[in-house]
Amino acid sequence: MEQPPRPPRQRREPEVPEAPVALDERGTALSALIRDVLKEFEVEVGAAVDEVVVTVKPEDVSAICRIAKDDPSLDFKYLRCLSVVDYIETLEVNYHLFSLDKRHKAVLKASVPTEEPHVPSVISVWRGADWFEREGHDLFGVVFDGHPNLTPLLLYEGFEGFPGRKSFPFHEYDEW
Amino acid sequence: MQVQQQARTADTIDLMINMGPQHPSTHGVFRVVIWVDGERIVKAEPHIGYLHRGSEKLCEGELYSQVITLFDRLDYVANLNCELAFCLAVEKLMALEVPDRASYIRVILCELNRIASHMLFYGVYGLDVGAMTPILYGFRERERIQGLFESVTGARMMHNFIRVGGVKEDLRDDFEPRMAVLLEELKQGIEECDDLLSQNEMFLARTKGIGTIGPTEAIDFGVTGPSLRASGVLEDVRISEPYSIYERFDFGVPVGTYGDCWDRYYVRVEEMRQSLKIIEQAMAQMEPGPVAANVRRIARPPKGEVYVRTESPRGDFGVFLVSDGSDKPYRLKVRAPSFANLQALQYLLRDAYVADAVVILGSIDIILGEVDR
């Protein structure tokens, strides 16, 4: 007797849990404050774990950063970190900000298309952004408009491709 | 008279000098091009990247437990501090509770590593200003600490000891007596080092008032750690955003006044004393217990992103971790304190004497492993 063919086994994709959001009092106060200060811009205020996330349009970055630094209630005098994350279709530029006096923190995010990654430079706001932007240009190919010297920083002159990106042939790459 | 007039009208051109990459005072492979007008530096241009290994990208291809070994190799004189930063980031994402004893072991080892790192700075800074003896004193103390590390972690430098959720194993039985001896030795050693160099007249002449940077500029450049505190800004991540169990300890944060080379040097010497204070308190508070939380062997943090800052011996060591829920990090960005501190070099070197260039570079205490990553 022939057995009926078995139905193909459904493989259950493991569920990926999301990290819970746990903003403290300072964080909740700050997100209300940011909504108030940046009300003339198109911003989206959210949260990731313990940090206030402000998603902005790439063309507004420079103006918003200027306000974030100069506004006495925000007082983001210190740019902690500037990083680029590759999400295949878009590149996300993250600005981690911190206020040394008020001790609150936030992260600004701007998404740019991978084909034409253009973000205004914030070097006029924080001088410390200089090398971080050069690194972002070097490894991810993000063009920071207005940066005076976007020459290779970590890579050597004439290096082709952007090794930070996911599309870079990483494990197959052999130079030596 | 005529000679003087000639000198006044003679054309001068700026002379370009290349320093490094293989220069003993650059503490690694680092090149700085300086333009000098006579004895004064007109412009300085640092070039980095000689040690770029793509650590951030490498991390994307490793399991979370394997990434720790890569972090050892970032700041290679303060390995445990780097390991701690990464493990804290993963733990924060997973919302893990670390057992108390593990946290105490971490703090004790990290503070010891801070002393070892500052001792290295003390020694080589002596060499930078032209004194031979300090490096012998500095390395003597550092060797003692590394001997203890070897007995605890099995390695002198690349420890791979701090794990996600705790530490690799409990301390040996002989740790406490050894630590008691070490604390006494270090206390004496730090005083000896301080006596030897800090108030030496020639040392003062080489470092006082040299390479000053004000608090506003320092913050603008993103300078952190002892270099920022030397400029008179009270900012220490252990105080402003206490991580791990640092809020349980009572310790001081030394702050400088002028932001010159001597302040940057002395803040570090004083920090070593404060680290000893933390270790003493931690030794007294530590109780027996488990040293690792119950974590799956292959950690899979939930989807999300987290930014953790810790106070490494060089400053604000940040880890930006983006996870997509898999067993490997999606993106890992290391905010290295030396990287940001080194940016200020262009500012510090301007208008300095060319003979002071090495003294200024030495005082910001860079480690090329984390500058280039």
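**Helix packing, a hairpin and the chain interface in a predicted model**

The crossing of helix 5 and helix 6 of chain B is left-handed in this predicted model. Helix 5 of chain B spans residues 100–129 and helix 6 of chain B residues 133–153; their axes lie 8 Å apart and pack at an angle of about 155°. Because angles over 145 degrees are counted in this class, helix 5 of chain B is roughly antiparallel to helix 6 of chain B. The residues of this contact comprise 17 nonpolar, four polar and two charged. From helix 5 of chain B, the participants include B:Leu109, B:Leu112, B:Asn113, B:Met119, B:Tyr122 and B:Leu127. Among those contributed by helix 6 of chain B are B:Pro134, B:Tyr137, B:Glu141, B:Arg142, B:Ile145 and B:Phe149.

Chain B also contains a hairpin, formed by strand 2 and strand 3 with two residues between them. Strand 2 of chain B (residues 31–37) pairs with strand 3 of chain B (residues 40–47) in the antiparallel sense, over seven bridges. Within this pairing, B:Trp35 is positioned opposite B:Lys43 of strand 3 of chain B. In the turn, B:Gly38 adopts a positive phi of about 70°.

The interface between the two chains brings 48 residues of chain A into contact with 48 residues of chain B. The size of an interface is often expressed as the accessible area lost when the parts come together. Between chain A and chain B, the buried area is about 4,000 Å², with 57% given by carbon and sulfur atoms. On the side of chain A, the most area is lost to chain B by A:Arg127, A:Trp131 and A:Leu154, which together account for 19% of what that side buries.

Definitions and conventions. Residues numbered from 1 in each chain as written. Chains lettered and ligands numbered in written order. Predicted model: local features only at pLDDT ≥ 70, side-chain atom pairs only at ≥ 80, totals over all residues. Heavy atoms only, no water. Axes fitted to C-alpha atoms, helices over the stretch in contact; angles between N-to-C directions. Helix = DSSP H or I, 4+ residues; strand = E, 2+ residues; numbered from the N terminus. Parallel < 35°, antiparallel > 145°, perpendicular 65-115°, else oblique. Left-handed = near helix turned anticlockwise from the far one by under 90°. Contact = heavy atoms within 4.5 Å. Nonpolar A, V, L, I, M, F, W, Y, C, P; charged D, E, K, R; others polar. Pairing = 2+ DSSP bridges. Buried area = accessible area lost by both parts, 1.4 Å probe.
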